[in-house]
Amino acid sequence: MDNILEALTLVADLRVLLGICTGTFLGLVMGALPGLTAAMAIALLIPLTFGMGPVLGVGMLLGAFCGAIAGGAVPAILLNIPGTPSSVTTTLDGFPMARNGEAGKALGISITSSFIGGVIGALLLIALSLPIARFALEFGPAEFFALGVFGLVIIASVSSGSMLRGLVAGLLGLFLATVGSDPMTGALRFTGGEPALITGIGLLPALIGLFAVSQVLQDVYSRTGRRAAEAVTQSFDRARPPFGLIARAWRVVASSTIIGVIVGAIPGAGGSISSFISYDQARRMSRTPEKFGTGAPEGLIASESSNNATAGGALIPMLTLGVPGEVATAVLMGGLTIQGVRPGPALFDQQASLVYAIFLAFILANCAMFLIQLFGIRLFVRILGVPTRVMMPLILMFCVIGVYGVNGSVFELWLMLGFGVLGFFLNRYGFGTAPVILGLILGALTESNLRRGMTVFDGDWTAFLLRPISATLLLLAVLFLSAILWQNHKFRQNDKKAEEASQR
Amino acid sequence: MRLLSGRIVFDLALLAGAAWGLWQSQSLPPGYGGGDIGPGDFPRAVLVLGVIALLAVLRQDVSAALRRAPDVDTPPHLQGTFAALLISALLIAYVLLLEPLGFLAATGAFLFFGILACSRFLDPPDSVAAWRRTLLGAALVATVATGLSFFVFTYGFGLIFP
């Protein structure tokens, strides 16, 4: 109870509330711009949170996370372009509604469903996190090592097209985490004589390079030579929250929210999967399934309540176990680590009030997202008109300001640039960038627990396989790895068959 | 020639990096024995796994390149490559000039040329008048954005710029 009261006083600070609102607003802006992702929004905001206290900084990042997911609905409804991958299903009924002259109603449904899904997701996050974290408190070096391996396998397999390539990216991150002074012996590793690397590779230049600079390079590369889509303006009075309509569709809201939280909590799943499952479920539950895809409000409700509930679900493994399940939470975890908040079971034990403050900030971010969108929806619609040719150099300027402003180090700018180019190629050739960041974050934890474990168990490595929790986690990692490899093999076989059939 | 794809060159670059890491890790002190893991052991294990995985990726890419019929080779997106290279070059110039020129001049110049380059590649103006408007717009956005960001980050967030 004392922790909850302390958390309340931490959050009920005007600066924290303003920080959450600012983060949410910036997240909404980034989410509304097609091509800019939630991961990029968080990465760009991290430098701004440096001088702030942990609650203010984390609140701002959570606001950006919430806002970016919700903001993706605006271009999905008005332009038929999903702002984020999780709003793909929003286009199915949102855009037809807008084309039928119901843009205001569609935006109102989207905003209200996002809010309800987000808040219920946050409440389930609170309810489920504490028992999981309490269980995870029993973890020792073997379990933490196994958790690190499990996390890397999961993110490597889901964030890129091929498991093998994702593993290469994860191993690259693990290797980069070893650069600098060895924490146990002080020996310098892979620094190449560069004094700036003694403390290791900074997380901030890596995050901004891999998620912002590489994305800009990718956008410039892929959009060059293609005419920009004609902006279609939709006229609407205002986005009204249709509470009556949503109350009548309570079964869709309930099922979509629960699906969102469950799918979000499964490492590797994410918003796009949950919104497709929820959309399909809502169609099955509907008395008029034939209307889905032609502007059915239930379809829009299912998609938006589900993808925002996923955010709460995705925070469960990240906060309790320190294992982010998808790209945006991997970046968010990087931001928390930079803030001095290390997600994992120990956080619940040692900084319980901070954990409750994070929960409260997340609920407030959802409320801010609802109010900002409700009253400022016209602004987000206008943002769609900002030309890419102006946006791209501005984002790069923010990257440079963010990285340089923190330490005044030009070397870190070169690192950022290097990671940007590396990220461009990693994405282009299907390796993905999220495993690199997760390897960089989990590398130190995995290596130190492996070394500590070997010392504790007198050099007997079988102890890692014989302890029940670490054995289960390692077995799960192996099973997951095998399942994905088998799936890839099946896909390749099907492709081969299709190729042979087309040659005949 | 079919093997000379960007994908395969990138795989080889990663392999070369991993080989360099393995070579460097040889000079790191070993563990004290009895199951102790030295500073070079963990990165070496990671790199060995990386080399094995990369060889498998390379094998996949080479066999995919050989399987592909020559007539279905997709031509490289040269214009896109040039645009990404130009933006990277502008960013390099920005980083190089940030301290010698100072934040205001370097940022203003980067934004001005960055917007012009992006306009040329992403949304090319179709007449002299349109180019004139683009030039004016770029100058205006560069000036306002540079001034505003300097003001906000210096006085609002307390950052110190050269």
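The contact between the two chains takes 53 residues from chain A and 54 residues from chain B. Five helices of chain A each supply at least two residues of the side that touches chain B. They are helix 9 (163-177), helix 10 (203-223), helix 18 (388-407), helix 19 (410-428) and helix 20 (434-456). Helix 18 of chain A gives the largest share of this side, with twelve residues. By residue class, the side of chain A that touches chain B holds 33 nonpolar, eleven polar and nine charged residues. The model is predicted. For the complex, the predictor gives an ipTM of 0.92 and a pTM of 0.81.

Helix 19 of chain A belongs to this contact side. At 1.5 Å a residue, its 19 residues should span 27 Å. The end C-alpha atoms of helix 19 are 27 Å apart, so expectation and model agree. Buried residues of helix 19 of chain A include Glu412(A), Leu413(A), Leu415(A), Met416(A), Leu417(A) and Phe419(A). Gly420(A), Leu422(A), Gly423(A), Phe424(A) and Leu426(A) are buried in helix 19 of chain A as well. The cover over these buried residues comes from both chains. From chain A it includes helix 9, helix 10, helix 18 and helix 20. From chain B it includes helix 3 (78-101). After helix 19 of chain A comes Gly430(A), with a positive phi near 80°.

Chain B has a mean pLDDT of 87, and 91% of its residues reach 70 or more. An unreviewed UniProt entry places the feature "transmembrane region" at residues 43-59, 80-97, 103-122 and 134-161 of chain B. Two of these spans were examined in the model. Residues 80-97 of chain B are 100% helix and 0% strand. The end C-alpha atoms of that span are 26 Å apart. Residues 103-122 of chain B are likewise 100% helix and 0% strand. Here the end C-alpha atoms lie 27 Å apart.

The secondary structure of chain A comprises 22 helices and two strands. Along the principal axes, the C-alpha atoms of chain A fill a box of roughly 70 × 70 × 45 Å. A compact globule of 504 residues would have a radius of gyration near 23 Å. Chain A has 23 Å, which agrees. Of the 504 residues of chain A, 62% are buried. Among contacts in chain A with a separation of 6 or more, 80% join residues 24 or more positions apart.

Helix 2 (residues 14-32) of chain A shows burial at the level of a single element. Of its 19 residues, 14 are buried, so helix 2 of chain A is largely enclosed by the rest of the structure. At 1.5 Å a residue, helix 2 of chain A should span 27 Å. Its end C-alpha atoms are 27 Å apart, in agreement.

A loop position gives a further case of burial. Ala249(A) sits in the loop between helix 11 (243-248) and helix 12 (250-265) of chain A. Ala249(A) has 23 other C-beta atoms within 10 Å and is therefore buried, the cut-off being 20 or more. Leaving aside residues up to four places away in sequence, Ala249(A) touches Glu298(A) and Ile301(A). Ala249(A) and Ala282(A) are 33 residues apart in sequence. In space, their C-alpha atoms are 9.6 Å apart.

Terms used: Residues are numbered from 1 along each chain as its sequence is written. Chains are lettered from A and ligands numbered from 1 in the order in which they are written. This is a predicted model: local features need pLDDT of at least 70, side-chain atom pairs count only at pLDDT 80 or more; totals for chains, interfaces and linings use all residues. Two residues are in contact if their C-beta atoms, placed from the backbone, lie within 7 Å. Helices (H or I, at least four residues) and strands (E, at least two) are DSSP runs, numbered from the N terminus. Ala, Val, Leu, Ile, Met, Phe, Trp, Tyr, Cys and Pro count as nonpolar, Asp, Glu, Lys and Arg as charged, and the others, Gly among them, as polar. UniProt positions are given in the numbering used here, feature names are shortened, and annotations may be inferred rather than shown by experiment. The expected span of a helix is 1.5 Å times one less than its number of residues. A residue is buried if 20 or more other C-beta atoms lie within 10 Å of its own, exposed if 12 or fewer, and partly exposed in between; C-beta atoms are placed from the backbone. pLDDT is the predictor's confidence in each residue, from 0 to 100. The radius of gyration is taken over C-alpha atoms; the globule rule is 2.2 Å times the number of residues to the power 0.38.
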